[in-house]
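Thanks, everyone. Please have the screen in view, and I will walk you through this one briskly.

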Amino acid sequence: GPGALKPMLPWMIEVKTEAEIEKMRKAGALARHILDTAGRAVEVGVSTDEIDQIVHDEIIKNGAYPSPLNYHGFPKSCCTSVNEVICHGIP
């Protein structure tokens, strides 16, 4: 409608408020915590399913939602791969 927000053009810079910046800081800190938690779970004999469950539980415990879960039908809370394989995988 007439009062609807229009998408910004790629060259337009969106200036964030202090409140928005603080939310971004919290989100970044939580992301770092989740990555560290996942990294500590990685060891020989731990399945990617187990890592996914650890990640999922920690995200939920912190009042957040795992964005990959159900994204276009994706069935897990994180993407994992084994060994030195660099690709998106499903646990």
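I will go from the whole chain to the core, then to one residue, then to the pockets.

Keep in mind that this is a predicted model.

The whole chain, to begin. There are 91 residues in the protein chain, and 19% of them are buried. The secondary structure is quickly listed: 2 helices and 0 strands. The chain exposes about 7400 Å². Carbon and sulfur atoms supply 62% of that area. Now the contacts. Take those with a separation of 6 or more: 28% of them join residues 24 or more positions apart.

Next, the core. Which residues make up the largest nonpolar core? There are 7 in all: Ile34, Ala38, Ala41, Ile51, Val55, Ile59 and Cys78. Two elements give two or more residues each to this core, namely helix H1, spanning 18-41, and helix H2, spanning 48-61. Look at Val55 in this core. Leave aside residues up to four places away in sequence, and Val55 touches Ile34, Ala38, Ser77 and Cys78.

Now one residue on H1. Ala31 lies in that helix. Is Ala31 buried or exposed? Neither label fits. Ala31 has a relative accessible area of 38%, and buried means under 20% while exposed means over 50%, so Ala31 counts as partly exposed. Pair Ala31 with Ile59. They are 28 residues apart along the chain, and their C-alpha atoms are separated by 8.9 Å.

On to the pockets. How much space lies in the largest pocket? About 280 Å³. H1 and H2 each give two or more residues to its lining. H1 gives the most, with 6 residues. The lining has 15 residues in total, and those nearest the centre are Ile34, Val55, Ile59, Pro68 and Ser77. Three of these names should sound familiar: Ile34, Val55 and Ile59 also belong to the largest nonpolar core. By class, this lining has 13 nonpolar residues, 2 polar ones and no charged ones.

The second largest pocket has a volume of about 240 Å³. Its lining has 13 residues. Nearest its centre lie Val42, Thr48, Ile51, Ser81 and Val82. Ile51 is one of the core residues too. Here the largest share of the lining comes from H2, with 3 residues. By class, the count is 8 nonpolar, 4 polar and 1 charged.

To finish, go back to Ile59. Ile59 sits in the largest nonpolar core, and Ile59 is among the residues nearest the centre of the largest pocket. That is my tour. Thank you.

Notes. Residues numbered from 1 in each chain as written. Predicted model: local features only at pLDDT ≥ 70, side-chain atom pairs only at ≥ 80, totals over all residues. Heavy atoms only, no water. Core = buried A, V, L, I, M, F, W, Y, C linked by side-chain atoms within 4.5 Å. Buried < 20%, exposed > 50% of the residue type's maximum accessible area, 1.4 Å probe, protein only. Helix = DSSP H or I, 4+ residues; strand = E, 2+ residues; numbered from the N terminus. Contact = heavy atoms within 4.5 Å. Areas by Shrake-Rupley, 256 points an atom, 1.4 Å probe, with all protein chains shown as cover. 1 Å grid on protein atoms, 1.4 Å probe; cavity = no way out; pocket = protein on both sides within 12 Å on 5 of 7 lines; lining within 4 Å. Points joined across faces, edges and corners; volume = space filled by probe spheres on them. Nonpolar A, V, L, I, M, F, W, Y, C, P; charged D, E, K, R; others polar.
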